[in-house]
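Subject: A structure to look at

Dear colleague,

I am passing on a structure that I would like you to look through with the notes below. Please keep it open while you read.

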Amino acid sequence: MTVLAAIRPDSWDLPLFVHILGAMVLVGSLVLVLVALAGRDIRLGYRSLLLGVLPGWIVMRGAAEWIADKEKVNDLDPVPSWVDIGYSVADPLLLLIIISTVCAGIAARRQRSGGPLRGTALVLTGIMLIAALVAVWAMSTKPT
């Protein structure tokens, strides 16, 4: 017989919920930014980066540390690969978020098509969305 679900302590519920909520806001906002920038709505893309992606990343990353501390996964001798994947995706994502936000902000101030800065923000957002989906896959499937 296989195990259908793992039983976890109730004290893990809130940090895990906040982590998943932050990740959902992050991915949803990245999709909105990608659609807005592809549709040449630079102002919406910039505001979504600033008001959706960045706070989503902060909540997701803070709650990730909270749940990792509760579960004590960082204390395991070989740290699980899904935790390593999560850290290796989330940490560089902040740098890409900052670069994309600056590029989209400058492009929004110029009020034209945005030129290469809109394209830069669009490409970086696509890369961030792919990386975030890889992290979602790693967190949900827990590969060894």
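To begin with one residue, does Leu133 count as buried, exposed or partly exposed? At 47% relative accessibility, Leu133 counts as partly exposed, where buried means under 20% relative accessible area, exposed means over 50%, and partly exposed lies in between, with a 1.4 Å probe and protein chains only. Leu133 sits in helix H4, which covers residues 115-141. From Leu133 to Pro143 there are 10 residues in sequence and 14 Å in space, C-alpha to C-alpha.

Before going further, please note that this is a predicted model, in which local features need pLDDT of at least 70 and side-chain atom pairs count only at pLDDT 80 or more, while totals for chains, interfaces and linings use all residues. Residues are numbered from 1 along each chain as its sequence is written, and side-chain values use heavy atoms, with hydrogens and water left out.

As for the overall build, the protein chain has four helices and zero strands, where helices (H or I, at least four residues) and strands (E, at least two) are DSSP runs numbered from the N terminus. The C-alpha atoms fill a box of roughly 60 × 30 × 25 Å along the principal axes, and of the 144 residues 38% count as buried. Among contacts (heavy atoms within 4.5 Å) between residues at least 6 apart in sequence, 75% join residues at least 24 apart.

On the surface there is a nonpolar patch of about 470 Å², made by Leu14, Phe17, Leu21, Val25 and Trp66. Such patches are made of residues with over 30% relative accessible area and no salt bridge, with like charges joined within 9 Å and nonpolar side chains (Val, Leu, Ile, Met, Phe, Trp, Tyr) within 5 Å; a salt bridge is a side-chain nitrogen of Lys or Arg within 4 Å of a carboxyl oxygen of Asp or Glu, and the areas come from the Shrake-Rupley method with a 1.4 Å probe, where for residues only the protein chains shown count as cover. Helix H1 (residues 13-38) gives the most to this patch, with four residues, and Leu21, which lies in H1, is partly exposed at 41% relative accessible area.

Finally, two loop residues deserve a look. Arg40, in the loop between H1 and helix H2 (42-71), has a phi near 65 degrees, a positive value in a residue other than glycine, and Arg40 is exposed at 52%. Lys72, in the loop between H2 and helix H3 (81-110), has a phi near 60 degrees, again positive in a residue other than glycine, and Lys72 is partly exposed at 46%.

With best wishes
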